[in-house]
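Okay, my turn. I'll talk through the cysteines, then how the domains sit against each other.

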Amino acid sequence: QKSYRLVVVGGGAGGCATAAKFASKLGQGNVAVIEPADMHYYQPMWTLVGGGMKKLEDSGKPMSQVLPKKADWIKQRAVSFEPDNNTVMTEDGQHIEYEYLVVALGMQLNYHQIKGLPEAFDTPGVCSNYSTLYVNKTLTSLQNFRQGNALFSFPATPIKCAGAPQKIMYISEEYFRKHGKRDKANIIYNTSLPVIFGIKKYADALWEIVKERNISVNLRHNLIEVKPDSKEAIFQNLDDPEDLKTYQYEMLHVTPPMSSPDVLRQCSQLVDAAGYLDVNKETLQHVRYPNVFGLGDCSSVPTSKTAAAVAGQVGVLGKNLSLALRGEKPRHLYDGYTSCPLVTGYSKCILAEFDMNGNPLETFPFDQSKERRLMFHMKKDVMPSLYWHAMLNGYWEGPKYARKLMHLGMK
Ligand code: FAD
Ligand code: UQ1
């Protein structure tokens with residue numbers, strides 16, 4: 001049995017950044033990261049991979065290169081938590097004991113909840129930017145597209161990066177135009193949500209874009225089945241569950257239902273009713289176990305789940321955990337900042353930034369609901385280095401100070 005001052009479960013965006021902060025602070029042998037994956041992926045790049053603007057290989061680095069050298073990497077899947085005994089169990093039967101625990105497990109993709117998946121991914125035209133297994137098929141589907149419906153789905157669960165299901169649709173629309181087959185494509189966005197986007201300011205801008213670009217949007221439509229033999233996708237009307245609608249597809253981009261990871265959901269002491277790690281939404285400390293903190297997609301914080309949100313949380317969690325390690329109470333508060341760069345094609349982007357209450361919280365002193373080339377370059381060319389070099393080393397805590405600086409002297 002091993003014992004650490006700090007154990008971090010999950011070495012993704014939030015776990016890696018947090019481990020980096022504390023591995024240097026607490027020193028060799030005091031911090032462990034439990035993470036089974038060989039590769040660490042910068043997932044926000046997958047939108048661009050699907051559109052052929054980046055390669056899948058560009059989005060990943062070996063886990064061994066990104067996790068902090070001063071932390072012990074336990075290359076195992078966590079299989080259960082015993083918060084009353086300060087212990088995490090791993091798949092190979094190790095009991096890892098901690099003084100403090102940080103949970104950063106991300107989200108689980110549940111493709112299997114759609115009938116016909118994942119098998120239909122082996123057939124033409126079915127793709128998904130959300131997984132390394134299927135993201136390359138998005139570009140192939142665009143290349144092989146002849147004529148018919150290009151369908152884009154959004155599931156009836158919370159998801160990470162709620163803009164991504166439609167970003168690839170705008171990219172596809174431009175792809176078809178560039179390759180002379182726009183008039184052969186009927187582009188349809190079928191979303192489970194009652195809105196095109198959760199924040200009105202950006203939703204208004206997006207409605208203008210879909211109108212202008214002749215894209216059909218159907219609200220409250222939930223993908224429940226894929227029939228690859230007949231190339232049909234079946235959607236349920238969420239306002240009238242008996243009402244099922246069949247759409248033929250030439251291309252179908254699936255955003256899967258998602259949930260908190262099973263390993264977490266199974267530990268009732270740690271989670272809320274929805275299965276997410278039950279933390280105080282401002283301090284990120286667990287509501288029942290003061291030596292447990294959590295951040296990122298697996299937490300109950302009611303903000304839109306993004307890497308940008310994780311960046312802000314890394315700062316707050318870092319400061320509060322430092323206080324806790326010295327026996328003091330957490331007092332730093334997360335403002336709910338999150339951001340979604342809504343890529344609308346091969347050169348433009350709306351940079352949505354907002355807080356937990358759905359109010360815009362924009363960094364730049366201009367209207368970010370307008371499509372801009374500058375924001376596209378920030379997303380494509382600046383963000384990846386910011387992520388790999390600053391964020392994962394614990395140095396990027398979101399654009400809070402940049403925003404304050406740029407808004408100096410303004411209302
Ligand atoms: P993750 O980074 O997903 O890390 C979770 C880690 O936990 C993984 O390394 C996993 O291997 C590990 N793990 C899982 N199970 C176990 C287990 N049992 N034991 C131990 N470890 C385990 N965000 C933005 O800010 N901007 C964007 O433009 C954007 N676009 C996106 C586009 C797509 C297509 C996708 C998929 C995501 C996008 N995101 C974007 C969201 C962003 O990637 C996530 O919000 C972010 O990675 C969340 O960080 P996390 O640390 O919570 O989880
Ligand atoms: C951000 O901080 C971040 O995390 C590294 C992202 O994830 C890739 C983002 O997409 C965005 C937009 C931000 C916010 C950063 C700035 C400079 C506005």
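So, disulfides: searching the whole structure turns up 0 of them, taking a disulfide as a pair of cysteine sulfur atoms within 2.5 Å. Cys16 is in none, and its nearest cysteine sulfur, that of Cys298, is 15 Å away. Cys16 is also buried, at 0% relative accessible area; buried means under 20%, exposed over 50%, partly exposed in between, with a 1.4 Å probe and protein chains only. Why no bond for Cys349? Because the closest cysteine sulfur, in Cys340, is 8.4 Å off, too far for one. Cys349 is buried as well, at 0% relative accessibility.

Quick housekeeping: this is a predicted model, where local features need pLDDT of at least 70 and side-chain atom pairs 80 or more, while totals for chains, interfaces and linings use all residues. Residues count from 1 along each chain as its sequence is written, chains are lettered from A and ligands numbered from 1 in written order, and side-chain values use heavy atoms, leaving out hydrogens and water.

Now the domains. Domain 1 is 2-106 + 260-330 and domain 2 is 109-258, with bounds from an automatic or database domain assignment. Their C-alpha centres lie 31 Å apart. The contact (heavy atoms within 4.5 Å) takes 15 residues from domain 1 and 18 from domain 2.

Together they bury about 1,300 Å², 63% of it on carbon and sulfur atoms; that's accessible area, 1.4 Å probe, lost on putting the two parts together, summed over both. On the domain 1 side, Trp46, Thr47 and Gly50 lose the most, together 38% of what that side buries.
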